[in-house]
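Biologist: Could you walk me through how to read a ligand site and a helix in a model?
Modeller: Happily; let us put the model up and begin.

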Amino acid sequence: MNDLMYMKRAIALAKLATAHTWPNPLVGAVVVKHNTIIGEGYHHKAGEPHAEVHALQAAGEEAKGATLYVTLEPCAHYGKTPPCADRIIASGISRVVIGSTDPNPLVGGQGIIRLQAAGIEVKTGVCEKECALLNESFFTYIQTGKPFVTLKSAMSLDGSIATFTGASQWITNETARKHAHLLRASYDAMVVGIGTILADDPLLNCRLSGSEVYDAIIGDTLDGAYSMDIRQPDVMIFDSLGRTPIEAKVFTVPNRKVHLFVSAQCSEEKRQAFIDIGADVHDIERKPNGLSIKQALTVMGDMGYTSLLIEGGSALLSAFVETLAFDKIVTYIGNLIIGGTEATPAVGGNGFATLEAAAKLTFTDVHMMDNNIVIEAYRTGREGAYVYGHR
Ligand SMILES: NC(=O)c1ccc[n+]([C@@H]2O[C@H](COP(=O)([O-])OP(=O)(O)OC[C@H]3O[C@@H](n4cnc5c(N)ncnc54)[C@H](OP(=O)(O)O)[C@@H]3O)[C@@H](O)[C@H]2O)c1
Ligand SMILES: [Zn+2]
């Protein structure tokens, strides 16, 4: 019972760094002795100490003979910091309770082996599903080298994201839109097509405060003892010719990076203009249907992005759907019917010719948001999924 309670606290601690740790995972740790928490912590940012180190430092000498709860198997290899397994052994901890094991094929299981070899009692699989969900993007990233991709759209009941005149604001209600902003707060970056930039000139930022995000994802688990900062997700624009206007609103949000994915057809002047306003430009092969999704994902993975929220529009979503290059889908359905064969469908492109070829989904959640609906699903058969208890 207590194992569950302390692991849940470690999970809540891990969430405090939501979207701040990439390319590293979210990890929380709690040190407990005689049923009292004597130290706790979480991994704040890549390059900074791991969760276990923060928790053990807070516990100090008292860590001797105590139990350490940690949401992810402690590392056993030298990265930017020395291995946590060694630090745990040196601290005199006598028992370690682990949420999810490390899915990294090169290092998974090594932390557990090292702790056990030092005579430490190790228990695994406590809140494993919750701990794995916490890092669903990192687990995909570490196994495939590419970011975890979530497709997001806000559509009418009949699957349109804009009317035949192009009107799209707003198809969903305020509650659904607020939820979509919460989604933004938990992704490393957002992706849009140039069509959406030209049609809507969106800001593409998260318009929630740190305390609103804290209330939604931490609630009262940590007794309000902590706070959260919003990290504005970076933005990636698929724009072969470099048509994004320099004065577009997307460039006005401080403290975030904008990446332009362009083809060889983008002129030198345009590239330089993007660089001059602080954006990054990446060259991607242009195929008949647009820039290569596969190559773009590899470039994003190489930059360390572990999770992407694809915000649209219709053409870009279709590119991710037709190449089966997505892991999850979050669909908001507004309480209206748009109709019309000229309306913009949520997923455009050519579509699949047969039902056999169509992208298959596993629904995991559906709920009402006032008079709107949100549906969550995963792509059936996706790569890099964490299978509980197996590597
Ligand atoms: N309700 C919602 O959730 C929502 C969200 C977003 C947008 N929208 C609406 O969607 C509409 C815009 O959608 P859209 O389909 O016209 O534009 P889009 O998907 O935003 O952008 C499409 C453009 O992106 C570029 N691109 C580059 N690589 C691509 C690839 N591999 N696949 C597809 N496109 C690629 C292409 O232009 P180049 O050839 O020049 O590169 C293409 O024309 C607007 O009306 C907007 O309001 C609605
Ligand atoms: Zn570590």
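We take the ligand shell, then one helix.

Modeller: This is a predicted model, where local features need pLDDT of at least 70, side-chain atom pairs count only at pLDDT 80 or more, and totals for chains, interfaces and linings use all residues. Residues are numbered from 1 along each chain as its sequence is written, chains are lettered from A and ligands numbered from 1 in the order in which they are written, and side-chain values use heavy atoms, without hydrogens and water.

Biologist: Which residues come nearest to ligand 1?
Modeller: A residue is near a molecule if one of its heavy atoms lies within 4 Å of it. Here 27 residues surround ligand 1, and Thr196, Asp200, Ser240, Arg243 and Ala315 come nearest.

Biologist: What share of the shell does H8 supply?
Modeller: Helices are DSSP runs of H or I with at least four residues, numbered from the N terminus. Helix H8 (194–200) gives five residues, the largest share.

Biologist: Which polar contacts does ligand 1 make through its oxygen atoms?
Modeller: A polar contact here is a pair of N or O atoms within 3.5 Å. A ligand oxygen lies 2.6 Å from a side-chain N or O atom of Thr196, and a ligand oxygen is 2.7 Å from one in the side chain of Asp200.

Biologist: Which residues of helix H9 are buried?
Modeller: Buried means under 20% relative accessible area, with a 1.4 Å probe and protein chains only. In H9 (residues 210–217) these are Gly210, Val213 and Tyr214. They lie on the same side of H9 because they cover an arc of only 105° around the axis, taken from the directions from the helix axis to the C-beta atoms.

Definitions and conventions. A polar contact is a pair of N or O atoms within 3.5 Å; within protein, one must be able to donate a hydrogen and the other to accept it, and residues adjacent in sequence count only if both atoms are side-chain atoms. Helices (H or I, at least four residues) and strands (E, at least two) are DSSP runs, numbered from the N terminus. Buried means under 20% relative accessible area, exposed over 50%, partly exposed in between (1.4 Å probe, protein chains only).
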